[in-house]
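Please open the model in your viewer and keep the sequence panel beside it. The tour below moves from one selection to the next and says what is to be found at each stop.

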Amino acid sequence: MSACSTTTTTTSHSHFCRDTAAATHLKLIAITVIFVSSIIGINSPILLAKSFHHGTLNNNNKKKKQETAVLLIKCFAAGVILSTSLVHVLPDAFSALTNCSVNLPDFPFAGLVVLLGALMGLLVDLTALSHVDEKEYKAIGEEGEGEGKLQGEVVVVVVDEEEMMVRKSRMVSKVLEIGIVFHSVIIGVTMGMSQNKCTIRPLVAALAFHQVFEGMGLGGCIAQAAFGFGTTALMCFMFSVTTPAGIILGMIVFALTGFDDSNVNALIMEGLLGSLSSGILIYMALVDLISPEFFHNKMMSSCGSGTWLKKYCFIALVLGSASMSILALWA
């Protein structure tokens, strides 16, 4: 654990920055700005995919362009999600659990909970896939006579590969939203409980960009999942309101208890939830987003165009990672 030290300069700066009235004003601005930026971020890839979809008109060339666009968006999304988990969420969770005021045993709790989050992601995947298998393959009867003869008749309901990919994408999108919602609530509650205007002011702009990129990441997955209008609208709404709702919840908690973001219990909760969501997001980015597209996607494996597509997708992945990593300078 890191050593703790305080200085007179740090203390005086802290007193200057601690202004409840100014902090509340900034939080109200943040709620509006973050809500709008979240809507823009998550709807952009969905509307882009819809525009391509309406323009296909059974034209194979246009359909291929649509699939390529969605694939590039998904690779950019994977970079955003991976960077969010490793550069934003995990360091904050580790910092919260190793804070000087948190008297926990000298054990890497953050790493342990990240591991549990990754295992939880795997468990959800396995459970969902086994459920799909049970629904897609049915065996009827088991009668037969004599040696070497077929024992019964098996009727197999085969779902085409495209349909299976859509179902997989839907499952990935839902689990991914769960991990992002955890992360967004933590961000919102932490800002809502803070009374430090010097911390909140730069966070407003930084979190606005953060929500745009993270929304594009989730929106890219939702676009590929081809949900109905109701489900798509609900997922977009949940993502857009989670951080503003977290800010309001944090303000209520501070008003009722007087706890701010430096309270011991708040730090422990922030660290544990952050580590859990980080583990889920790392698993989802690597296993459900990056690996299937780069190693199992037919468009990637085709000769000629597939080689160039891999390069473009890798560039999109790097750009997504870089965009979120740069934001770590401010948030």
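In which helix is the place of Gly111? Select Gly111 and you will find its place in helix H4, where helices (H or I, at least four residues) and strands (E, at least two) are DSSP runs, numbered from the N terminus. Before going further, note that this is a predicted model, in which local features need pLDDT of at least 70 and side-chain atom pairs count only at pLDDT 80 or more, while totals for chains, interfaces and linings use all residues. Residues are numbered from 1 along each chain as its sequence is written, and side-chain values use heavy atoms, with hydrogens and water left out.

**The whole chain**

Colour the protein chain by secondary structure, and 10 helices and zero strands appear; read from the N terminus, the order of elements is α-α-α-α-α-α-α-α-α-α. Of the 331 residues in the protein chain, 42% are buried, where buried means under 20% relative accessible area, exposed over 50%, and partly exposed in between (1.4 Å probe, protein chains only). If contacts (heavy atoms within 4.5 Å) are taken between residues at least 6 apart in sequence, 83% of them join residues at least 24 apart.

**Gly111 and the cavity**

Return to Gly111, which is partly exposed with a relative accessible area of 45%, and draw a distance from its C-alpha atom to that of Ala93: the two are 18 residues apart along the chain and 9.5 Å apart in space.

Next, turn to internal space. Rolling a probe the size of a water molecule over the atoms shows where empty space is left. On a 1 Å grid over the protein atoms alone, a cavity is a set of points where a 1.4 Å probe fits but cannot get out, and lining residues have an atom within 4 Å of a point; grid points are joined across faces, edges and corners, and a volume is the space filled by probe spheres set on the points. The count comes to one cavity of 30 Å³ or more, and the largest cavity has a volume of about 50 Å³. Its lining has 10 residues, and those closest to its centre are Leu97, Thr98, Phe107, Phe109 and Ala110. Show helix H3 (60–97) and helix H4 (109–136) together, since each supplies at least two residues of this lining. By residue class, the lining of the largest cavity divides into nine nonpolar, one polar and no charged, with Ala, Val, Leu, Ile, Met, Phe, Trp, Tyr, Cys and Pro counted as nonpolar, Asp, Glu, Lys and Arg as charged, and the others, Gly among them, as polar.

**An aromatic pair**

Keep Phe107 and Phe109 selected and show their rings. Rings of Phe, Tyr and Trp (its six-membered ring) pair if their centres lie within 6.5 Å, and planes under 30 degrees apart count as stacked, over 60 as edge-to-face and the rest as tilted. There are two aromatic pairs by this rule; Phe107 and Phe109 form one that is edge-to-face, at 5.1 Å centre to centre and 65° between the planes. Phe107 is partly exposed at a relative accessible area of 42%, and Phe109 is partly exposed at 27%.

**Two buried residues**

Buried or exposed: which describes Ser173? Ser173, placed in helix H5 (residues 161–193), is buried, because its relative accessible area is 0%. A polar atom of the Ser173 side chain lies 3.1 Å from the backbone oxygen of Cys221. Beyond neighbours within four places in sequence, Ser173 is in contact with Leu218, Cys221, Ile222, Ala225, Phe227 and Met235.

Now select Lys27 in helix H2 (residues 20–54), which counts as buried because its relative accessibility is 1%. Among the residues that Lys27 touches, not counting those up to four places away in sequence, are Met191, Ser194, Ile200, Ile247 and Met251.

**Further stops**

Ile39 is also found in helix H2 and is partly exposed at 33% relative accessibility; its C-alpha atom is separated by 7.9 Å from that of Val212, 173 residues apart along the chain.

Finish at Leu273 in helix H8 (residues 264–296), which is partly exposed with a relative accessible area of 26%. Leaving aside neighbours within four places in sequence, Leu273 is in contact with Phe182 and Ile186, and from Leu273 to Val185, 88 residues apart in sequence, the C-alpha to C-alpha distance is 9.4 Å.

Terms used. On a 1 Å grid over the protein atoms alone, a cavity is a set of points where a 1.4 Å probe fits but cannot get out, and a pocket is an open set with protein on both sides within 12 Å along at least five of seven lines; lining residues have an atom within 4 Å of a point. A polar contact is a pair of N or O atoms within 3.5 Å; within protein, one must be able to donate a hydrogen and the other to accept it, and residues adjacent in sequence count only if both atoms are side-chain atoms.
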